Every structure is written in C-alpha cells, then in structure tokens.
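Please examine the model shown below before reading on. The paragraphs that follow move from local backbone features to the whole chain and then to its cores.

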Amino acid sequence: MRRLLLAWLGLAACLPSLARAEEDRALAWQMGEARLELGGWIMTDLAVFPRTETGFGPSWNVEPSLRSARADARFRLTPAWRGRLYADFASLSLTEAWIEYRPFTFLGLRVGRIRVPFGLAQQSRLADRRLLETPMIAGNTKDFRDVGAALLGRLWRGRIAYSLAAVSGSRDLAVDVNEKPDLAARLVLHPLVGLGPWLEGASLGGSLSWGPGPTRNGFRGRNMSGYSFVEPPVIRGAQLRLGAELSYTAPIVRLAAEYQQVRQAREGLSDNQRIGGSLVAVSDLEPWEIRGFYAELAVQVFGLRDAHGPVEGLEIAGRFESIDFADGKRSVETAEGTEDHAPLADSWVEAWTAGLNYYFEIGLRLSAAWQAVRYGRAELAPDFDPDAGNDPAAAGHWTHHVFLRAAWVY
C-alpha cells in the first residue's frame with residue numbers, strides 16, 4: 001500500500017511542473033471569423049475502499065489510476081457554424097464529436113455524438129464535479145452521450161434554456177439496429193437573470209427521456225469507488241426517465257439538488273429458474289425501476305473565482321444521496337411450482353460524502369474526499385463475506401471510502 005501511495009504522489013507531483021510548462025501557451029488561433037481552441041485535462045486518482053477477496057475474506061482495496069486524460073478541440077467557422085472534437089486517451093474513446101448550426105440565439109441544430117439533454121448531474125464536466133464523481137442516481141456515464149441530433153437554444157435573454165434531442169440509444173458509434181430512437185428533452189429556467197450575482201445564479205428545471213430501445217444493458221448501481229453494488233440487468237423495450245432539478249450558484253456558494261426516476265422494460269426476455277425438478281425459462285418479467293435524489297453544497301472558504309467557479313483557494317463540499325431500486329413483487333403459481341416474474345434485487349443505498357478541494361491558479365486542483373455508504377442489504381456491500389455466516393438481507397451495513405485526486409485542467 002505504501003508503494004502504491006508513493007507512486008500516486010509521484011505522478012501527482014509531476015502535474016504542477018507540466019502545468020507551468022504549458023500555462024503561457026495561447027492554445028487558440030483565429031483567422032477572420034474562424035477560430036480554433038484547444039484544451040484538456042489530466043486526472044490521477046487514488047481510491048481506498050473495503051472489499052472481500054474470494055478465499056481470503058475482507059481486505060482493503062487500494063487503486064491508483066489514471067482517471068482521465070482528455071483532449072478538447074473547439075472550432076468556429078462562422079458565428080453560426082461551430083463544432084467540437086473531444087477524446088479521452090485514458091479509455092481510448094471518442095467522447096463527443098459534433099457540428100452545430102445556430103443562426104439565432106433561440107434556435108440551433110447540433111448533430112453527431114452529443115451530450116444527451118437529460119439531468120443536471122449528467123451535464124457537469126468531470127473537471128467541474130466538486131465531489132469527484134456524479135451521484136449514484138446518474139447511472140452509467142456511457143449513457144451521458146450518444147449519437148443523434150438536438151435542437152437547442154435560449155429565450156427571454158437567457159432566462160429559458162431548452163434542448164430537444166433524438167439519439168440512437170446505442171451508446172457508441174457503431175451501426176445501430178434500433179429503428180426507433182430515444183427522445184430526450186431538458187428545460188431549465190433562470191428566472192432571476194440580471195438581478196445581481198447573489199440572485200441570478202438560481203435555476204430550476206426538468207428532464208424527460210423515452211425510447212423503445214433494443215436489447216441493451218440497464219441501469220448500473222455504482223458508488224464513487226467504481227464498485228457496482230447492482231450489475232446492470234438486460235433490458236428491452238421502453239425506457240422512461242424523469243428528472244427535476246434545482247441549483248443555485250453565488251460568488252462563494254454552489255447548491256444543487258435533483259430527483260430522478262427510471263423505468264426500464266424487460267419485454268421478450270426470460271429468467272432461468274429452477275421450479276420443481278426442472279430449469280424453466282420464466283418470461284413476462286416486471287420492469288426494472290430506480291428512484292433517487294441527492295443534495296450537494298460547495299462553499300469556497302477563501303481564494304479567487306471566475307464565472308465558472310474557483311481558480312485559486314480552498315473549497316469544502318458535501319453531499320447526501322439516496323437511491324432505491326426494485327422490480328416489484330409478482331409471482332405466478334403453475335402446476336410445476338411458483339414462477340418469480342420479479343427476480344431482480346429490491347433494496348436501497350444511501351451515501352454521505354465530504355470533500356476538500358484546493359485550487360492553484362496554474363490549473364492544478366488537489367482533492368480529498370471521504371464517503372460513507374449504507375446498504376439496504378448487507379450482501380450488496382463490497383466487503384460482504386458469505387462464508388462468515390452473516391445475514392445477506394440485513395439492512396444498514398456501512399462501508400467507508402477515501403479518495404485522492406490530482407487534476408490539471410487547461
């Protein structure tokens with residue numbers, strides 16, 4: 001563990017020198033109306049959390065990793081035409097690739113691999129997340145972006161922002177077999193624009209997403225350590241997502257709260273169950289449903305800020321979140337025995353997270369976070385030992401995680 005910690009600290013120590021070498025470069029070029037801007041970030045992580053290793057019992061997992069290494073290229077051809085290429089070299093993936101035509105402030109068309117307009121948590125950049133990762137209810141980050149087209153714009157001097165999109169639902173750039181795309185919409189109101197820095201940062205909004213998708217992976221329950229307490233079940237058919245959000249940004253404060261729910265159908269799928277003396281494929285399965293909320297607060301104790309947040313100084317942050325997941329309870333009596341048409345896990349998970357961020361003007365941010373997670377079923381926890389004689393259905397089991405991150409954003 002000591003060697004792993006020293007290795008992470010050594011990599012983190014290299015980031016400030018890298019930042020100093022780059023800070024004076026103007027990575028933007030303009031020729032007439034055309035403009036090109038380059039940016040990116042590097043993030044290294046150290047996560048410490050309990051787990052159970054098969055054959056050895058409970059232990060501590062210590063994982064240094066390269067969380068993200070992204071390059072961002074934004075270009076503008078004319079005031080109405082612009083685009084973006086955005087890649088992550090840590091995962092070797094193309095995150096975004098789109099072009100946009102916006103002849104008016106109130107109306108634009110964006111086409112390509114885009115960020116899906118659903119949810120507040122799903123819209124935040126990794127570099128801007130005060131507590132390192134999105135809340136659990138946000139789900140799998142692969143669902144944040146998809147291939148499609150969106151209409152977007154702002155009305156009433158920026159007081160209303162909207163986006164309507166049709167996306168493939170395939171998560172990637174491969175040819176999609178789904179002929180019916182997912183539809184997503186997000187509407188955000190900024191009613192106090194123009195009333196000063198302590199008022200105009202208030203907003204509220206709502207999101208909606210629906211689509212009769214093909215066979216795909218459903219919602220994944222995962223905490224900040226990357227541990228999946230619920231693996232994504234196979235889903236097929238209609239997926240409905242609803243969200244309501246509230247945020248407030250002032251000179252030293254950022255508050256965000258959100259509720260989301262997801263309903264994922266399992267049409268035409270079956271679950272193999274032993275009924276009587278035979279293995280039977282049970283179909284007509286109940287949908288997978290997830291509900292959750294979070295409330296998050298960040299306060300800058302001292303230092304400098306710009307319109308996007310802290311650029312130098314110390315910030316403290318905290319978050320409470322809760323998520324419930326279930327496919328209900330429905331069984332059918334047959335001549336062979338009882339068929340369970342709701343075989344997935346029914347439970348809940350809650351988490352408290354506290355963090356410190358220190359920002360340097362060169363673009364470097366050092367972060368530390370602690371998270372306590374409570375599980376509705378003990379068997380969902382990463383340190384549950386089935387051979388220890390513990391009750392797998394016992395509620396209220398706690399685990400504690402520690403995170404360190406060094407991030408350089410340019």
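A residue counts as buried when its relative accessible area is under 20%, and as exposed when that value is over 50%. The model discussed here is a predicted one. By the first cut-off Leu132 is buried, because its relative accessibility is 3%. Leu132 lies in the loop between strand S6 (107–115) and strand S7 (145–155). Its backbone deserves attention: Leu132 has a positive phi of about 70° although it is not a glycine. Most residues other than glycine have a negative phi.

Trp156 also has a positive phi, of about 55°, and is not a glycine. This residue occupies the loop between S7 and strand S8 (160–167). Is Trp156 buried or exposed? With a relative accessible area of 59%, Trp156 is exposed, whereas Leu132 is buried at 3%.

These two loops belong to a protein with 1 helix and 23 strands. For its 410 residues, a compact globule would have a radius of gyration near 22 Å, and the value for the protein, 23 Å, agrees with this. Taken along the principal axes, the box filled by the C-alpha atoms is roughly 80 × 50 × 40 Å. Of the 410 residues, 44% are buried. Where contacts link residues at least 6 apart in sequence, 61% of them join residues at least 24 apart. The accessible surface comes to about 20,500 Å², and carbon and sulfur atoms account for 60% of it. As for charge, the mean position of the 45 positive charges and that of the 48 negative charges are 6 Å apart.

The interior can be followed through its nonpolar cores. The largest nonpolar core has 22 residues, and those with the most contacts inside it are Phe229, Ile290, Ile323, Phe325, Val349 and Tyr375. Two or more residues of this core come from each of strand S12 (228–230), strand S14 (253–264), strand S17 (288–306), strand S18 (309–326), strand S21 (347–359) and strand S22 (364–375). Of these, S17 gives the most, with 3 residues. Apart from this core lies another, of 8 residues, which include Val116, Phe118, Val167 and Ala184.

The surroundings of Ile323 show how distant parts of the sequence meet. Leaving aside neighbours within four places in sequence, Ile323 is in contact with Met136, Ile137, Phe219, Phe229, Ile290, Arg291, Gly292, Ser347, Trp348 and Val349. Ser322 is found in strand S18 and is buried, with a relative accessible area of 10%. With the same exclusion of sequence neighbours within four places, Ser322 is in contact with Arg291, Gly292, Phe293, Val349 and Glu350. Arg291, Gly292 and Val349 thus appear among the contacts of Ile323 and also among those of Ser322.

A last site is Met43, found in strand S2 (residues 34–53). Met43 is buried, because its relative accessible area is 1%. Which residues beyond four places in sequence are in contact with Met43? They are Ser65, Leu66, Arg67, Ser68, Leu126, Ala127, Arg405, Ala406 and Ala407. Arg70 is 27 residues from Met43 along the chain, and the C-alpha atoms of the two are separated by 9.0 Å.

Terms used
Residues numbered from 1 in each chain as written. Predicted model: local features only at pLDDT ≥ 70, side-chain atom pairs only at ≥ 80, totals over all residues. Heavy atoms only, no water. Helix = DSSP H or I, 4+ residues; strand = E, 2+ residues; numbered from the N terminus. Rg over C-alpha atoms; globule rule 2.2 N^0.38 Å. Buried < 20%, exposed > 50% of the residue type's maximum accessible area, 1.4 Å probe, protein only. Contact = heavy atoms within 4.5 Å. Areas by Shrake-Rupley, 256 points an atom, 1.4 Å probe, with all protein chains shown as cover. Lys, Arg positive; Asp, Glu negative; His and termini not counted. Charge placed at Lys NZ, Arg CZ, Asp CG, Glu CD. Core = buried A, V, L, I, M, F, W, Y, C linked by side-chain atoms within 4.5 Å.
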